Amino acid sequence: MLEDTTLVLGGGGLWGVAWMTGLIMGLEESGVDVRRPRAVIGTSAGSVTGAHLTSGLTTQELFDRQVLPHKQARQDAPDAGNQAKALGLLAKPFSDPNERLAAICDLALEATTIPWTQRRADIVERLSLASDEWPSTPLTITAVDVDTRKLQTFDASSGVNLLDAIAASCAVPGVWPIAPIGTRRYIDGGVWRTAENAHLAAGAPSVLIVSPFGGAQAARIGGNSALNSDVAALRAGGARVALITANQASLAALSVGGALDPVTRKPGAEAGRIQGRKEAADLKAALS
């Protein structure tokens, strides 16, 4: 169904990976297969989900990795103090987006975190991919250069290892270490302007945006204007666009520890699966 659709997968931590995996499972069970898109754009949690979807792993295998304890990758929760400080800054309103990004990059540069080598090893274990080669389906992964504060994209032609690109995209500022690639340093691609970077799908005839936190952001700040602007621009360019955000039942799967807490994986995936079954009919109508 989605052969001409670019799939945009946004950030959302461990919970976001689990929720998106469950959502895709529920959609598939209801007759909507999103495993063969035209292209995939992944940011942060979306880079992990995108790599999984374009691998040879089945949807059932991916879902089991989220809900079955003996198949879950080892994952430690981040330092609570670092996480609280980072989330506080990310939620803080800024009138100037450049000032916001500067503050986020400064936090990343100043924070004391686990060593980069340990973090990269954790990412590799968590992904458990059979290969570190880029998939045949076009996959774009985003990160932010912490020194230039510019959005960077990685793909099969960039000369960057797939696992390094994912680790960079998942480098939550102030929580996980800055990711070094070559002579540059990168942090989470979801801090640049939106958690989805859906503007990168410009030119695609059809776009499906899966945003774990898009609905929650809209409710909290009275409208997620940056994401809404991207959706409007894509539609103005002639694309059919569908947007799926986590519903209240899925958001309820979040624990006190937040989206980076490993305990959110099972309830997040299960809630996403239920939501996927409910979203299937509307998604078919939106993209047909």
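Does R74 count as buried, partly exposed or exposed, and at what relative accessibility? In this predicted model, R74 comes out as partly exposed, at 38% relative accessibility. Its salt-bridge partner is E125, with the two side chains meeting at 3.6 Å, N to O. R74 sits in the loop between α3 (59-67) and α4 (80-91), while E125 belongs to helix α6 (residues 116-127), so the bridge ties together parts of the chain that are 51 residues apart in sequence. E125 is partly exposed too, with a relative accessible area of 35%.

That contact is one of eleven salt bridges in the structure. Another one pairs R277 with E29, whose side chains meet at 3.0 Å, N to O. Here the link runs between distant parts of the chain: R277 is in helix α11 (residues 265-287) and E29 is in helix α1 (residues 13-29), 248 residues apart. R277 has a relative accessible area of 43%, which makes this arginine partly exposed because the value falls between the 20% and 50% cut-offs. E29, at 37%, is likewise partly exposed. The pair doesn't stand alone, either: E29, R273 and R277 are linked in a network of salt bridges.

Then there is D33, which meets R36 in a salt bridge at 2.4 Å, N to O. What about the accessibility of these two side chains' residues? D33 is partly exposed, with a relative accessible area of 24%. R36, on the other hand, reaches 55% and counts as exposed, because the cut-off for that label is over 50%.

Definitions and conventions
Residues numbered from 1 in each chain as written. Predicted model: local features only at pLDDT ≥ 70, side-chain atom pairs only at ≥ 80, totals over all residues. Heavy atoms only, no water. Salt bridge = Lys/Arg side-chain N within 4 Å of Asp/Glu carboxyl O. Helix = DSSP H or I, 4+ residues; strand = E, 2+ residues; numbered from the N terminus. Buried < 20%, exposed > 50% of the residue type's maximum accessible area, 1.4 Å probe, protein only.
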